[in-house]
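Please open the structure in your viewer and keep a selection panel at hand. The tour goes from enclosed space to the ligand.

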Amino acid sequence: MDDLQGKHIVLGLTGGIACYKSAELCRGLVKEGATVQVVMTAAAEQFITAVTMQALSGRTVYTSQWDAREPNNMPHINLSREADAMLIAPCSADFIAKLVHGRADDLLSVMCLARPVDRVPLLVAPAMNREMWAHPATQRNLVQLSADGAQVLGVGSGFQACGETGDGRMLEPAQLLEDLVASFQPKVLKGKRVVVTAGPTFEALDPIRGITNHSSGKMGFAIARAAREAGADVTVVAGPVHLDTPRGVQRIDVKSARQMLDATMGAVPTADVFIATAAVADWRPATEADHKIKKDGSGDCPTIHFTENPDILHTVAQGERAKQGRLFCVGFAAESRDLAANAQAKRERKGIPLLVGNIGPTTFGKDDNEMLLVDASGVQPLARASKLSLARTLVQEIAKRIPA
Ligand code: C5P
């Protein structure tokens, strides 16, 4: 929870009912370690008080370009230069139009215009009625705003405060936080396509039962998020897990190893990187009963015959693109002992350039992990850290090993 440690964020609020979500957003920014300077337009003050935002940010709120608290009476210069990023949430249709035209008739709009564009990114979270959102004027303005260098974060869809249903809701605070955190990550995989397998597979025995492996999917989802933060276009092929999809990541849900293989083979032909984190069941019941296998009262247990599942990683690594060096394959090894030796042997057996080893029982279901990176040149330990932080390190290590 320190993804924004040391960052100073200007949180701008403009007029919209979504201002109620900005209170939680502000709290989230502070929890992630940021210092937050709230700036509100007059319209925003109609929806939420400066007192609320002051209490949550721990700083007095600025609302006027004539604020005499600044010794030089230039809050637009001082506040915009202190910031590591400016996030306008909610950003009304009117404020977007204002930004596009470079108008500067209140503190927040002057700050947006006065900010050093190459040093202080501007992120915009639109919020408005669905008709306002769909209007050609708004859509035209958003294109121009992006062209001018702002990062437009998109909108949610669903029930709106006005009673209508459609696009235009402000994204949820957690989504905005994820986008802001991502904006600070180096774009080492920009333009790359990454496919990640994650979670366990489930191999049915009958319609009620089956066998599976331990795996929460947390490491795979953290890697998908980290790759996305690094600018990649990411697809995660997920076995049965209970995790939210990281922002901007395409997700394909599967159950069995064979389904995971099919989905993966469909996704890798255009990929640059394949990362197999899934705990794929090595075997599946040779036959799947159409109906529940019943106890017959005799005390005899059924005999289950198994057949081997396809090895997804090995299959992908044997493909033409991987062999030509156009698809970089990364495997995982979850071991219970002799990690370095097992991981080195597994990397060679799988025919892949990079393998990540971890001790399974010490990390299953947890939010942290420690790992070994194994490649042709040897073994590099990565000390215990959050799975997201390890995932970011792994993404950087992958980026170093693939063509720019
Ligand atoms: O052989 P083992 O299961 O230990 O190898 C682990 C690595 O291989 C992981 O990267 C895992 O995702 C991948 N794997 C796979 N398909 C399988 C078995 C493992 O992709 N059937």
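Begin with the enclosed space: a search of the whole structure finds 1 cavity of 30 Å³ or more, a cavity being a set of points on a 1 Å grid over the protein atoms alone where a 1.4 Å probe fits but cannot get out. This is a predicted model, in which local features need pLDDT of at least 70 and side-chain atom pairs count only at pLDDT 80 or more, while totals for chains, interfaces and linings use all residues. Residues are numbered from 1 along each chain as its sequence is written, and side-chain values use heavy atoms, with hydrogens and water left out.

Next select Gln185, Pro186, Val188, Ala226, Glu229, Ala230, Arg392, Val395 and Gln396, which line the largest cavity (lining residues have an atom within 4 Å of a point). Helix 9 (218-229) and helix 14 (387-401) are the elements that give two or more residues to this lining, helices being DSSP runs of H or I with at least four residues and strands runs of E with at least two.

Now move to the ligand, which 13 residues surround, the closest being Ala276, Ala278, Pro310, Phe332 and Lys346 (a residue counts if one of its heavy atoms lies within 4 Å). Show the backbone here: a polar backbone atom of Ala278 is 2.6 Å from an oxygen atom of the ligand, one of Leu313 is 2.8 Å from a ligand oxygen atom, and one of Ile312 is 2.9 Å from a ligand nitrogen atom.

Finally, colour helix 11 (312-317), strand 16 (328-335) and helix 13 (339-350), each of which supplies at least two residues of the shell around the ligand.

Terms used
On a 1 Å grid over the protein atoms alone, a cavity is a set of points where a 1.4 Å probe fits but cannot get out, and a pocket is an open set with protein on both sides within 12 Å along at least five of seven lines; lining residues have an atom within 4 Å of a point. Grid points are joined across faces, edges and corners, and a volume is the space filled by probe spheres set on the points. A polar contact is a pair of N or O atoms within 3.5 Å; within protein, one must be able to donate a hydrogen and the other to accept it, and residues adjacent in sequence count only if both atoms are side-chain atoms.
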